[in-house]
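Reader: I am new to this structure and should like to be led through it in a series of questions. May we begin with the display?

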Amino acid sequence: MSRPELSEAIQDYLKEIYKLQVENGRATTTRIARRMHVAPSSATAMLKKLSALGLAEHARYRGVVLTDAGERVALEV
């Protein structure tokens, strides 16, 4: 099964989320926004998109965790 082509922005978010998970155990919206140099609301919108794509699990006020599929993409790019 081939996955759809993911935008560069999606790939960048996945990489940063992966790095934050390795460094801190979890990635919060605030930390992601800082790393990506975007507003927290923009980061939240992307996290919702990643969640809808099945690449991350986002819990409001608890941060985000990559799914197995999201982690594979993060490691590939």
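Reader: Which residues of the largest nonpolar core touch the most other members?

Author: The model shown here is predicted. Its largest nonpolar core has 20 residues. Those that touch the most other members of this core are Leu14, Ile17, Ile32 and Leu50.

Reader: Which element supplies the largest share of this core?

Author: At least two residues of the core come from each of α1, α2, α3, β2 and α4, the last of these spanning 68–76. The largest share amounts to five residues. The element that supplies this share is α1.

Reader: Which residues is Leu14 in contact with, leaving aside its neighbours within four places in sequence?

Author: Leu14 is among the core residues that touch the most other members. Three of its contacts, Gly70, Val73 and Ala74, are buried residues in α4. With neighbours within four places in sequence left aside, the full set is Leu6, Leu50, Leu55, Leu66, Gly70, Val73 and Ala74.

Reader: Within what arc do the buried residues of α4 fall?

Author: The buried residues in α4 are Gly70, Val73 and Ala74. Seen down the axis of α4, they line one face of the helix, because they fall within an arc of 100 degrees.

Reader: Which residues are exposed on the other side of α4?

Author: The buried residues of α4 have a cover that includes α1 and β2. The other side of this helix holds exposed residues, and these are Asp68, Arg72, Leu75 and Glu76.

Reader: Which residues of α2 are buried, and what do they pack against?

Author: The buried residues of α2 are Thr29, Ile32, Ala33 and Met36. They lie on the same side of α2, because they cover an arc of only 100 degrees around the axis. The elements against which they pack are α1, α3 (40–52), β1 (56–59) and β2 (63–66).

Reader: What phi does His37 take?

Author: The place of His37 is just after α2. Its phi is positive, at about 60 degrees.

Reader: Is Glu16 buried or exposed?

Author: Glu16 has its place in helix α1, which runs over residues 8–24. The limit for a buried residue is under 20% relative accessible area. Glu16 has a relative accessibility of 15%, so Glu16 counts as buried.

Reader: Which residues is Glu16 in contact with, leaving aside its neighbours within four places in sequence?

Author: One of these residues is Arg35, whose side chain makes a polar contact with the side chain of Glu16 at 3.2 Å. Another is Met36, one of the buried residues of α2. With neighbours within four places in sequence left aside, Glu16 is thus in contact with Arg35 and Met36.

Reader: How many residues apart in sequence are the parts that Glu16 and Arg35 tie together?

Author: Side chains of opposite charge can pair when their charged atoms come close. The side chains of Glu16 and Arg35 meet in a salt bridge, with N to O at 3.2 Å. Because Glu16 lies in helix α1 and Arg35 in helix α2 (residues 29–36), the parts tied together by the pair are apart in sequence by 19 residues.

Reader: How far apart are the closest N and O atoms in the salt bridge that Glu16 forms with Lys19?

Author: Both Glu16 and Lys19 lie in helix α1, three residues apart, about one turn of the helix. Lys19 is partly exposed, at a relative accessible area of 40%. In their salt bridge, the closest N and O atoms are apart by 3.3 Å.

Reader: Which residues are linked with Glu16 in a network of salt bridges?

Author: Glu16 forms a salt bridge with Lys19, and the side chain of Glu16 also meets that of Arg35 in a salt bridge. Glu23 belongs to the network as well. The residues linked with Glu16 are therefore Lys19, Glu23 and Arg35.

Reader: At what N to O distance do the side chains of Lys15 and Asp12 meet in a salt bridge?

Author: The structure holds four salt bridges. Lys15 and Asp12 both lie in helix α1, three residues apart. Lys15 is partly exposed, with a relative accessible area of 28%, and Asp12 is partly exposed at 26% relative accessibility. The N to O distance of their salt bridge is 3.5 Å.

Methods:
Residues are numbered from 1 along each chain as its sequence is written. This is a predicted model: local features need pLDDT of at least 70, side-chain atom pairs count only at pLDDT 80 or more; totals for chains, interfaces and linings use all residues. Side-chain values use heavy atoms; hydrogens and water are left out. Helices (H or I, at least four residues) and strands (E, at least two) are DSSP runs, numbered from the N terminus. Buried means under 20% relative accessible area, exposed over 50%, partly exposed in between (1.4 Å probe, protein chains only). A polar contact is a pair of N or O atoms within 3.5 Å; within protein, one must be able to donate a hydrogen and the other to accept it, and residues adjacent in sequence count only if both atoms are side-chain atoms. Contact means heavy atoms within 4.5 Å. The arc is that of the directions from the helix axis to the C-beta atoms. A nonpolar core is a set of buried Ala, Val, Leu, Ile, Met, Phe, Trp, Tyr and Cys residues joined through side-chain atoms within 4.5 Å.
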